[in-house]
Amino acid sequence: MIRKIIRRIFEKNGPSILPLEKHGIHREDVSSCARKVTSSLQEAGFSAFIVGGAVRDLVLGRKPKDFDVATDADPDEVRAIFKRSRIIGRRFRLVHVMCGAEVIEVSTFRRSHGLDEESEGRTDVHGRVLADNVFGNQEEDAQRRDFTVNALFYDPSTEEIWDYHDGFSDLKASRIRMIGDPETRYREDPVRMLRAVRFAAKLGMKLDRKTERPIATMGDLLQHVPAARLFEEMLKLLLSGHSVECILELRKAGLHHGLLPMLDVILEQPMGERFVMAALKNTDERIAEEKPVSPAFLFASLLWHEVLTYWKAAEEKGERPIPALYESMDHVLDIQQEKLAIPRRYTATMKEIWGLQPRFAQRSGRRPFQLMEHPRFRAAYDFLILRVASGEVEAETGVWWEIFQNASSEEREAMLVQDEAPKRRRRRRRPRAA
Ligand code: ATP
Ligand code: MG
């Protein structure tokens with residue numbers, strides 16, 4: 001205790017070092033790969049800790065998604081220690097160390113440029129930090145992290161947690177607190193506002209008052225964040241397993257503006273809201289059951305009611321249904337592209353899922369069989385079920401398709417609806433007037 005007090009006085013920013021008895025995390029709680037990485041680095045004379053989300057999740061008694069390691073070795077030194085490793089990233093170099101299928105991300109301690117004199121020219125006119133790749137010491141590495149609960153360092157060899165910002169007590173108090181001055185930190189990187197909302201929803205924690213307050217007025221800064229980064233962050237949010245809470249929180253904080261620019265509009269239409277919420281709930285349930293979820297499916301759901309609105313409008317203008325649908329899909333994707341760079345590999349699948357929807361109405365002849373052969377049939381069918389659940393499509397259609405899929409071939413033949421469409425009239429040559 002006395003040593004701790006003395007250290008606090010002499011090293012103003014020194015960490016609290018929490019022993020095993022305080023936090024209860026055993027080295028066996030860490031994956032063997034992560035343990036191997038930290039011990040090999042330490043044997044080579046470097047310091048090495050498990051950092052970030054993994055330590056936070058372990059303290060909360062949750063299973064970490066992955067393990068990240070921070071060290072004072074530079075990327076080349078890390079690379080030299082591990083045979084199966086490679087350096088990734090150009091601007092911001094990290095090392096991926098592989099053991100079997102597991103990948104451990106190893107980063108060198110860095111410091112933030114923040115808004116000190118040195119950072120001049122490294123921020124945009126809104127204060128957003130553009131470069132963040134200068135090595136530093138462990139204390140600086142803690143300082144540059146976003147929330148106190150994300151800045152804990154765990155050393156598997158000593159089973160100690162090094163805590164520079166009282167993250168441990170914040171975790172125990174279920175409090176998300178920004179390191180440093182929240183307003184400045186949001187200005188440096190507006191994405192931290194989304195991260196705050198995501199962690200609060202995902203971990204069932206509360207934002208500390210000072211951390212929460214600036215969000216109400218700073219949301220507009222998100223508009224200056226590159227679209228690709230927003231997309232990544234939005235995806236993390238939607239795949240967090242708590243997307244429903246995240247969306248509700250985003251809306252409450254006014255942060256959905258400029259992200260999915262039309263989400264606001266969608267959520268205000270009763271049908272649209274029901275549909276989006278059903279899709280998100282479905283995603284959260286799949287994640288809880290550890291089933292795979294497809295980002296393309298999710299984004300197709302979020303934007304469906306926009307597509308529907310344009311589709312109907314185009315039809316009313318007299319366009320034929322299918323070309324009108326395709327035109328609406330392109331229109332909606334074009335608008336979203338400016339804000340949210342949805343990668344092409346997803347938009348192609350989204351269009352397929354949307355494009356197959358009218359085909360569920362066709363239940364005669366060979367068409368249902370052809371639809372079932374389509375590689376996207378499963379996703380398109382799941383999408384149809386969401387449309388049914390939201391009341392957009394009659395329940396009977398969903399039931400028909402469910403039975404049809406599971407039926408024998410004779411049963412299927414019997415289920416086909418007689419072709420009621422008027423037969424195309426053969427063109428008969430009119431006898432020419434003599
Ligand atoms: P998750 O479990 O969702 O992956 P995480 O805390 O590991 O949560 P990551 O996005 O993987 O989140 O980031 C790893 C760590 O890097 C964080 O814990 C945090 O310390 C730091 N970090 C990430 N993004 C930022 C940011 N925008 N500003 C400051 N620090 C950040
Ligand atoms: Mg992580």
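The following exchange concerns the ligand site and the nonpolar cores of a predicted model.

Me: What should be known about the model and its numbering?
Reply: In this predicted model, local features need pLDDT of at least 70, side-chain atom pairs count only at pLDDT 80 or more, and totals for chains, interfaces and linings use all residues. Residues are numbered from 1 along each chain as its sequence is written, chains are lettered from A and ligands numbered from 1 in the order in which they are written, and side-chain values use heavy atoms, with hydrogens and water left out.

Me: What makes the pair between arginine 198 and ligand 1 a polar contact?
Reply: A polar contact is a pair of N or O atoms within 3.5 Å. A polar side-chain atom of arginine 198 lies 2.8 Å from an oxygen atom of ligand 1, so the pair meets that limit. An N or O atom in the side chain of arginine 56 is 2.9 Å from a ligand 1 oxygen.

Me: Which classes of residue make up the shell around ligand 1?
Reply: The shell has 12 charged, three polar and one nonpolar residue; Asp, Glu, Lys and Arg count as charged.

Me: Why is the largest nonpolar core said to lie between domain 1 and domain 2?
Reply: Domain 1 (1-173) and domain 2 (262-416) both contribute residues, so this core lies between them. The domain bounds come from an automatic or database assignment. The core has 90 residues, including Leu41 and Trp354, and helix H16 (residues 295-316) gives the most, 12 residues.

Methods. Polar contact = N/O pair within 3.5 Å; in protein donor to acceptor, adjacent residues only side chain to side chain. Core = buried A, V, L, I, M, F, W, Y, C linked by side-chain atoms within 4.5 Å. Buried < 20%, exposed > 50% of the residue type's maximum accessible area, 1.4 Å probe, protein only. Helix = DSSP H or I, 4+ residues; strand = E, 2+ residues; numbered from the N terminus.
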